[in-house]
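Please look over the sequence and the structure below before reading on. The briefing that follows starts with one pair of helices and then widens to the chain, its recorded annotations and its largest pocket.

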Amino acid sequence: MTASSLVNKKNKFSLFGLNLRQRTLLTIVLTTAFLLTILLSGLMLDEAKIATNLTQRNLPPSLQYFFGTDWLGRDMFTRTIMGLKLSMGVGLLGAVGSAFIALVLGMAAATMGNLTDRVITWVIDLFLSVPHLVTLILISFMLGGGFKGIVVGLMLTHWPSLARVIRVEVMQIRSADYVQVSHQMGKSRWWIATNHILPHLIPQLLVGFMLMFPHIILHEASVTFLGLGLSPHEPAIGIILSESMKYLSSGLWWLAFFPGIALLIVVRTFEITGENLRKLMNPNEANQ
């Protein structure tokens, strides 16, 4: 069998006859639509369903209550969707802050001289030497926990890997011929950074942002589960899982099962979106 026949056979059985780029775009659209559906659902659901209703407590999953009810009669489906919405909002703030820190430090390390580069590289290595979760817990604890503590902690702990990638990218871009010509023409560092370097960093920044998102959501849920994150009055996934631990021995398995699975699905969806964005922006794969 020749190589051309193998390629034709592969194309014949590809999904709906789509090439890799088209399948990647389709996957990004579907996963983004799924995440937006969860976000909008969390905004539109009736908050009255998470009010205390002792006549409906501890009900197993049914057509009326998809995820069952808890020990206070609250609808677990509504609590889970609202918890996911809250986690995605916190994750968005944390990811935006981390991406901004990574961009600033990565560009500074590559453009502001050897001393600045050594200092920033040392700081990156220092943060990478300690697990994110440990540093996040320490920062959140020092700031008193709550929304402010967890968001600031997430911003300050998830930037190093992306900063290292951006630093390498900037060092490659600044050696390009058109950048050297701009230097010789007397253009300032700020002009070169905003007109030559920054536009080339947007793909890396976007992919890094999307791949950072699921880690931030998981870490937020972990710290909240330990009691050092969001307030217990918030319908956060970490709070829901923490509260459900006391009732698992009573057979109320659905209190932890459905929120946990929903969190994993959302995290995996973000990972799939990020990986497909990376494929789409990779010149070696984009045109296949």
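Helix 3 and helix 4 are oblique to each other, a description that rests on the angle between their axes, which cross at roughly 140° and come within 7 Å. An angle over 145 degrees would instead count as roughly antiparallel. The model in which this pair of helices is seen is a predicted one.

**Where helix 3 meets helix 4**

- On the side of helix 3, the residues in this contact are Leu105, Ala108 and Ala109, and they meet Thr116, Asp117 and Ile120 of helix 4.
- Sorted by class, the residues of this contact comprise 4 nonpolar, 1 polar and 1 charged.
- Helix 4 itself is made up of residues 114-128, while helix 3 runs over residues 76-111.

**The chain as a whole**

- The chain contains 11 helices and 0 strands, and from the N terminus on its elements therefore read as α-α-α-α-α-α-α-α-α-α-α.
- Measured out along its principal axes, the C-alpha trace spans about 75 × 60 × 30 Å.

**What the UniProt record lists**

- An unreviewed UniProt entry gives the annotation "domain: ABC transmembrane type-1" to residues 84-274, a stretch that in this model is 81% helix and 0% strand, with its end C-alpha atoms 19 Å apart.
- Under "transmembrane region", the unreviewed UniProt entry lists residues 25-45, 86-113, 133-157, 197-218 and 251-270.
- One of these listed spans, residues 86-113, is 93% helix and 0% strand in the model, and its end C-alpha atoms are 41 Å apart.
- Another listed span, residues 197-218, is 100% helix and 0% strand, and here the end C-alpha atoms lie 32 Å apart.

**The largest pocket**

- The largest pocket has a volume of about 270 Å³, and the elements that give two or more residues to its lining are helix 3 and helix 9, the latter covering residues 189-225.
- Helix 3 gives the most to this lining, with 6 residues.
- Among the lining residues are Phe100, Leu103, Val104, Met107, Ala108 and Thr111, as well as Arg189, Trp190, Ala193, Thr194 and Leu198.
- Ala108 is thus found in two settings, since this residue of helix 3 takes part in the contact with helix 4 and also lines the largest pocket.
- By class, the lining of the largest pocket has 9 nonpolar, 2 polar and 1 charged residues.

Technical notes: Residues are numbered from 1 along each chain as its sequence is written. This is a predicted model: local features need pLDDT of at least 70, side-chain atom pairs count only at pLDDT 80 or more; totals for chains, interfaces and linings use all residues. Side-chain values use heavy atoms; hydrogens and water are left out. UniProt positions are given in the numbering used here, feature names are shortened, and annotations may be inferred rather than shown by experiment. Helices (H or I, at least four residues) and strands (E, at least two) are DSSP runs, numbered from the N terminus. On a 1 Å grid over the protein atoms alone, a cavity is a set of points where a 1.4 Å probe fits but cannot get out, and a pocket is an open set with protein on both sides within 12 Å along at least five of seven lines; lining residues have an atom within 4 Å of a point. Grid points are joined across faces, edges and corners, and a volume is the space filled by probe spheres set on the points. Ala, Val, Leu, Ile, Met, Phe, Trp, Tyr, Cys and Pro count as nonpolar, Asp, Glu, Lys and Arg as charged, and the others, Gly among them, as polar. Axes are lines fitted to C-alpha atoms, for helices over the stretch in contact, and angles run from 0 to 180 degrees between N-to-C directions. Angles under 35 degrees count as roughly parallel, over 145 as roughly antiparallel, 65 to 115 as roughly perpendicular and the rest as oblique. Contact means heavy atoms within 4.5 Å.
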